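User: I am new to this structure and would like to understand the terms applied to it. Please explain the reasoning behind each one.

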Amino acid sequence: MECFHCGQENSEDAVFCKYCGQQIEGKITCPVCEKPIDCDSQFCEFCGATIQTTYESDAINAKSRQSMASNPSTHIYKSQWKNATDVCLGIFSMLSVFLSLIFTFFIGIKFSGNYSADIGASFISNGKNNLFYYFGECYEDLAAIIKQFPDLDISNLYFIAVLGTILSIAIIVSAVTFAVISLIRYVNSINGKSKKSYFPFVLASNIAFVLGATLFFAFNAATGKIETAEISTQLNSITIAGLVLSSIFTVLAVVCKTASLGKLLAEPINVNKICFSILGVIGLAFVIAFTAVPSISIELENNSISFNFVKALHLFFMLDTVNTDGNMFAAVNVTPEMYAYTIIGLFIEIAVTVMAFVTIASLLNNMSRQDRPHNINALGMSIAITVLSAALLILTIIFDKTLLDFIFSDNSESLSKARSYNPTSLIVAVVISAVNLVIQIIHSITNFKTKPNVQ
């Protein structure tokens, strides 16, 4: 006779199951009035108490007890494996959080290429650009310019300085906030005071650092060539080292978190989820990289300059700077149309970058969760990223053409010699984002009707 509760076979004359101890005939006891009722009852017919949830929980616990009794060595192995992965997860997670927090304070850029000091300083910005540059030194440089050129109106450049300050504050605050929450939850977890997971905030801490470095680079990024001199901006060495180290420990933490599933990793649904998630993370990383690099390029004879929409806003403010004695920038009235293109492009660049990072965090977190066979959030975000990447590409192509007409509107000869490069990096970003979208769609379709085997 098969027990209704645990499914194990018993003798035909058995009344109680020898594996789980429940009545075989299909009767269960009401947890409130203790009277026998049918096993499929959702409510007690005598007292009206809710039964189904309690019954299902008892059945699951009975199966667990039966499994432990029949094979105690397997249970011990699972416990040891779970404890080992939890310890490694905690170590790698805290190292990731610590490195992400510390290296956040060293985010900065540097110049590279063949250039003189004067050209480098005048081409982009101060060569010591880092987060703390916008907390004081930037405003000192602007004050020095006003002192040297009292007739120069640089109010627009102060706006850029304020934006840099806001960005720097946001990067530091987010890094500190996520790190503190991760640490508090980790301490509460190991002390048994709370069952709230610290792992999502570990991912958020690393994502905040990497996103901050990416946005800071995009805020200052530009490349150019003036006669024989070439110059470009890059993240400084210590920032790159921090990105590599913190990402390594974050990946190790994800591996430990996923490995804690044990034998469940061999289930097809989990294999599919891990493979699709890894492909999605790699694809979105490339989307971020190609979106952040300068995509707007202008070349005229031996001179060229490449920048993104963030830097375009900076350059337009410089062109709008009024100088009465002609020692610095000539007064150029940037049209509202150009500003509109720039601001829209700026917001799209930021939106694509932030959404890609959020989707990466969601995919990494989903890899280690047995209760989620597919990730609807990642699918929705992937759709938005693809649409916005395509919109950014179209806007950049239009902006390139409009920018040439704007710069050389009074010089048709220069306009005929000028060339605007195709935004290859954005084309690659659109293609990769579309491929990632297809991957997420396939993943959702293949797993939509599949239920995970939660243990």
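Analyst: The questions and answers below concern a predicted model.

User: Why is threonine 258 called buried?

Analyst: The relative accessible area of threonine 258 is 7%. Buried means under 20%, so threonine 258, at 7%, is buried. Threonine 258 is found in helix α7, where the buried residues also include Leu243, Val254 and Cys256.

User: What makes the pair of threonine 258 and valine 254 a polar contact?

Analyst: A polar atom of the threonine 258 side chain lies 2.8 Å from the backbone oxygen of valine 254. The cut-off for such a pair is within 3.5 Å, and the distance of 2.8 Å therefore meets it.

User: How do you know that the reach of helix α7 is close to the expected one?

Analyst: Helix α7 covers residues 237–259, which is 23 residues. From first C-alpha to last it reaches 33 Å, and at 1.5 Å a residue 33 Å is expected.

User: What share of the protein chain counts as buried?

Analyst: The share is 45% of the 455 residues. The chain is made up with 13 helices and 8 strands among its elements.

User: What makes a space in this structure a cavity, and how many are there of 30 Å³ or more?

Analyst: A cavity is a space where a 1.4 Å probe fits but cannot get out. The structure holds 2 of 30 Å³ or more, and the largest has a volume of about 70 Å³. Its lining includes Thr214, Ala292 and Glu349. Helices α6, α8 and α10 each give two or more residues to that lining.

Conventions: Residues are numbered from 1 along each chain as its sequence is written. This is a predicted model: local features need pLDDT of at least 70, side-chain atom pairs count only at pLDDT 80 or more; totals for chains, interfaces and linings use all residues. Side-chain values use heavy atoms; hydrogens and water are left out. Helices (H or I, at least four residues) and strands (E, at least two) are DSSP runs, numbered from the N terminus. The expected span of a helix is 1.5 Å times one less than its number of residues. Buried means under 20% relative accessible area, exposed over 50%, partly exposed in between (1.4 Å probe, protein chains only). A polar contact is a pair of N or O atoms within 3.5 Å; within protein, one must be able to donate a hydrogen and the other to accept it, and residues adjacent in sequence count only if both atoms are side-chain atoms. On a 1 Å grid over the protein atoms alone, a cavity is a set of points where a 1.4 Å probe fits but cannot get out, and a pocket is an open set with protein on both sides within 12 Å along at least five of seven lines; lining residues have an atom within 4 Å of a point. Grid points are joined across faces, edges and corners, and a volume is the space filled by probe spheres set on the points.
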